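Me: Could you take me through the aromatic residues in this one and the sheet around them? A close look at that part is all I'm after.

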Amino acid sequence: MSGEPTKPRSGDAVSARAEADGRLPQAKTSTSDDIAAFVAKARAMSPHAPGAKGRLIFALDATMSRQPTWDMACALQADMFREAAALGSLDIRLVYYRGFNECRATGWISDSTKLASLMSKIDCRGGDTQIGRVLSEARREAASSGVRAVVFVGDAMEEKVDELCARAGELGMLKVPVFMFQEGHDATAEQAFREIARLTGGAWCRFDPGAAAQLRELLRAAAAYAAGGREALLRLAKTTSGAAKLIGQMK
């Protein structure tokens, strides 16, 4: 699959229209039986099995205020691959939103140079947050190909928190932790990010604006978990504060 940003495939007409205008399809309401079948299917894929290749969704707010952090993430994403290389292997799927209802995803990428090249071609544009679509995309990928963890980097939340929590709860049922890395001190974002992390068994951490060292540690820790699971994160926590922060919150 090409690494160029695309929309996930879907067979229904609503999703087809969404793909045509560059948006991720809206999540549908699921019955309890639907969710039970979905969880059983995803767990049967055993993405956490020994020897399985780690898969991490790397999600970024690419609205206009995020340009400095986007540039910083471009520079730091290679550290995620380097951390994972010591443990095994890692594929990363970049998901980002920006502008008016634009939310895109790349294919799975195992080369840090390729990911950096793709990110360098993306500019930030003004718009509202679309965290719900990020969580919905993570849910679909967890069912279709297995996901060990989701990383989200952002500074704001402008959506209905109850809807985000419903999506987060489904990821929690699948044992896919979401690591919510918040830049800045927006109280509304913090409340939502903390709850998403709690519901998924993940973690919330704040980093200061422009603090590359803080973000680097957090991304390395998330990559360690995606590539080597909890044991790898525990080992890293002995030497880095970022990993210690994550493992201290995870269930």
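**The aromatics and their sheet**

Reply: Let's start with two rings: Phe179 and Phe181 are both buried (buried is under 20% relative accessible area, exposed over 50%, partly exposed in between, with a 1.4 Å probe and protein chains only). Bear in mind that this is a predicted model, where local features need pLDDT of at least 70 and side-chain atom pairs count only at pLDDT 80 or more, while totals for chains, interfaces and linings use all residues. Residues are numbered from 1 along each chain as its sequence is written, and side-chain values use heavy atoms, leaving out hydrogens and water.

Now the sheet. It's an open one, with 6 strands in the order S3-S2-S1-S4-S5-S6 and mixed pairing. Strands (E, at least two residues) and helices (H or I, at least four) are DSSP runs, numbered from the N terminus, and two strands pair if DSSP finds at least two bridges between them. At the edges you'll find S3 (102-105) and S6 (203-207), each pairing on one side only. On average, neighbouring strands are turned by 15° against each other, direction ignored; the axes are lines fitted to C-alpha atoms, with angles running from 0 to 180 degrees between N-to-C directions. S1 (residues 54-61) and S4 (residues 149-154) run parallel, paired over 5 bridges, and Phe58 stands opposite Val151 in S4.

Back to the rings. Searching the whole structure turns up 5 aromatic pairs. Rings of Phe, Tyr and Trp (its six-membered ring) pair if their centres lie within 6.5 Å; planes under 30 degrees apart count as stacked, over 60 as edge-to-face and the rest as tilted. Phe152 and Phe193 have ring centres 5.6 Å apart and planes at 80°, so they're edge-to-face. This pair ties together distant parts of the chain, as Phe152 is in S4 and Phe193 in helix H7 (residues 187-200), 41 residues apart. Phe152 has 2% relative accessibility, so it counts as buried; Phe193, at 0%, is buried too. As for Phe179 and Phe181, they form a stacked pair, 6.5 Å centre to centre with 15° between the planes. Tyr97 joins Phe152 and Phe193 in one aromatic cluster.

One more ring to look at: the charged end of Arg194 sits over Trp204, 3.8 Å from the ring centre. That label needs NZ of Lys or CZ of Arg within 6 Å of the ring centre and within 35 degrees of the ring normal.
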